[in-house]
Amino acid sequence: MPLLNITELSYHLRGKPLLDSISCRVEPRERIGLLGRNGAGKTTLMRLLCGEIEGDNGTLVFHPGTRVARLPQEVPMDVHGTVTEIVSQGFEPASEVAEWQQEQRVEQIVAMMELEGQAAFERLSSGMKRRVLLARAIVSKPDMLLLDEPTNHLDLDSIQWLENFLGRWDGALIFVTHDRQFLRKLASRIMEIDRGRLFDWSCDYDTFLERKEASLQVEEKQNALFDKRLALEEVWIRQGVKARRVRNEGRVKALERLRIVRSERRDRVGKARIEIQEAERSGALVADLKAVSFSYPGHTIVKSFSTTVMRGDKIGIIGHNGAGKTTLLRLILGQLEPTEGKVRLGSNLQVAYFDQLRASLNEDATVQENVGDGADMITINGSDKHVIGYLQDFLFSPDRARTPVKYLSGGERNRVLLARLFAKPANILVLDEPTNDLDMETLELLEERLVEFNGTVLTVSHDREFLNHVVTSTIVFEDGGVREYVGGHDDWVRQRSAALESAASASALKVEAPPTNASAQAPPAKTRKLSFKEQRELEQLPALIETLEAELATLHGEMAQPSYYQQSGDKIAQAQKIVSEKEAQLQQAYVRWTELE
């Protein structure tokens with residue numbers, strides 16, 4: 001029996017049908033990837049499913065007793081309290097689950113998701129906040145889980161953890177994501193919202209891409225034939241007096257119907273026409289780092305790192321949340337003095353920044369005001385252009401361009417940032433998570449433009465497909481320090497695996513060969529079987545290690561903030577003591593894990 005039946009559901013926004021009489025069925029344990037252009041109505045559909053808003057027409061019929069939970073696209077700003085308190089909010093006030101059972105389930109979820117129950121939510125990194133909100137969504141064991149851009153702000157380790165976790169999830173799953181690898185691994189069914197209609201492709205993502213392309217070609221041919229027929233009929237109706245005397249009244253009525261059909265047809269939204277405005281070329285050398293180190297008291301971020309950035313390089317920076325990626329960017333651009341080593345900058349560097357938190361946008365100002373800085377005209381590649389016309393290249397209609405930013409979807413806000421970024425000449429682009437919330441078409445076009453860009457690109461991203469398509473090298477924060485690899489994400493994974501295998505082989509070669517005399521050979525050491533207690537300890541150690549690493553990353557992130565050292569000396573000393581204790585615990589856990597293994 002279906003978990004959900006949607007029948008002729010409609011929702012209008014400012015008179016425009018955002019969802020126009022859509023229908024579908026959702027079965028238990030399905031994994032549905034929901035696709036669509038920015039502003040197509042994906043988040044709106046999720047809000048309808050969880051009862052936050054109501055449709056104008058149609059019905060939503062759930063199987064009796066079905067529980068629905070939703071992970072929102074953005075981290076709410078008004079959430080305060082400990083992790084345990086936030087997760088407990090996942091139970092409804094009138095929940096039938098007993099209080100002691102709720103507490104037990106909260107403890108289980110917090111432990112399973114490797115969270116610190118007493119940690120303050122507002123002090124966590126964006127990635128850990130998303131994990132807490134996910135825990136809140138699943139603690140009541142919903143039958144249907146709605147995830148809106150679940151990988152936003154997560155580092156690679158957290159994304160892989162989430163993929164594994166959702167792979168074991170036994171409820172129905174509907175999710176919106178821009179991460180194509182995430183989509184390929186999890187989605188067994190693709191649904192798409194396009195021009196108000198819901199299309200059920202009932203296939204995986206790669207098959208969807210093939211079928212979608214074929215469908216668009218057929219639609220284009222049909223529309224062309226329809227428009228040609230309409231044009232011929234319009235010529236006929238406008239003929240002279242003699243033709244009008246003998247015209248067929250049935251043909252006239254057919255023409256009127258054709259006109260109505262054409263007026264109601266919603267043409268496909270075109271692709272964004274993104275053009276990067278390039279400044280005068282920089283010197284061949286952008287930056288040269290020689291044995292650069294940078295540290296705060298008690299915490300080293302970069303140690304003895306050397307690299308040379310040349311004009312035209314496309315460099316991706318990878319690392320867990322709080323590792324120091326932004327600090328490294330500032331070192332490369334000369335905005336931060338290294339503790340040790342030397343940074344030499346090239347000439348004529350003009351830098352443009354893309355901010356993942358969108359802090360540079362004025363929420364109350366319109367799109368036009370944000371991009372044009374209050375002016376009606378902007379200069380693009382030497383020519384003056386009206387801001388409204390420029391914004392149409394980024395798929396903003398004149399009405400949408402006059403809309404305050406606070407009413408835009410996440411993807412539309414990212415397009416505003418791109419429009420603002422590319423309106424200024426630059427030869428170095430610094431992009432911090434530029435792919436968040438973008439629809440697939442805009443994302444693919446952005447990749448093309450960055451590859452074609454003659455200047456230098458420095459990007460922090462956890463989008464594996466984006467890194468594979470754009471960057472020529474990656475700088476990675478690893479356990480042993482910061483290292484540089486040739487190629488994108490998959491190239492890094494391959495090179496790291498090869499390096500680990502080589503290290504293992506070298507270690508094996510160092511082991512003394514056994515004596516050739518059989519009588520002199522020592523008897524092989526017996527492998528002792530682990531006791532139940534030791535086996536249990538071994539199973540728990542990976543979770544303990546990951547928890548300690550996450551806590552240290554959070555503490556290091558806090559200590560990396562300039563305002564941190566404005567506190568009293570006692571507080572700083574106490575924090576450093578905690579860090580030292582955590583690092584000692586982590587070291588002991590690794591040693592114990594090695595012993596038991």
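**Packing around helices 3, 4 and 5**

In this predicted model, the buried residues of helix 3 pack against two other helices, namely helix 2 (83-88) and helix 4 (126-138). The buried set in helix 3 consists of Gln-102, Arg-105, Val-106, Ile-109 and Val-110. Viewed down the axis of helix 3, these buried residues lie within an arc of 135°, and so they line one face of the helix. Turned away from that buried side is a face bearing the exposed residues Trp-100, Glu-107 and Ala-111.

Helix 3 itself spans residues 99-112, a run of 14 residues. From its first C-alpha to its last, helix 3 reaches 20 Å, close to the 20 Å expected at 1.5 Å a residue. What follows the helix is also worth a look: Glu-114 comes after helix 3, and its phi is positive, near 55°.

Helix 4, already met as a packing partner of helix 3, also packs with helix 5 (residues 156-167). Two packed helices are described by the angle between their axes and the distance between the axes. For helix 4 and helix 5, the angle is about 15° and the axes are 13 Å apart. With angles under 35 degrees counting as roughly parallel, helix 4 and helix 5 are therefore roughly parallel to each other. Their crossing is right-handed.

The residues that meet between these two helices can be named on both sides. Helix 4 contributes Arg-131, Leu-134 and Ile-138, while helix 5 brings Ser-158, Trp-161, Leu-162 and Phe-165 to the contact.

Note on methods. Residues are numbered from 1 along each chain as its sequence is written. This is a predicted model: local features need pLDDT of at least 70, side-chain atom pairs count only at pLDDT 80 or more; totals for chains, interfaces and linings use all residues. Side-chain values use heavy atoms; hydrogens and water are left out. Helices (H or I, at least four residues) and strands (E, at least two) are DSSP runs, numbered from the N terminus. The expected span of a helix is 1.5 Å times one less than its number of residues. Buried means under 20% relative accessible area, exposed over 50%, partly exposed in between (1.4 Å probe, protein chains only). The arc is that of the directions from the helix axis to the C-beta atoms. Contact means heavy atoms within 4.5 Å. Axes are lines fitted to C-alpha atoms, for helices over the stretch in contact, and angles run from 0 to 180 degrees between N-to-C directions. Angles under 35 degrees count as roughly parallel, over 145 as roughly antiparallel, 65 to 115 as roughly perpendicular and the rest as oblique. A crossing is left-handed if the near helix is turned anticlockwise from the far one by less than a right angle, and right-handed if clockwise.
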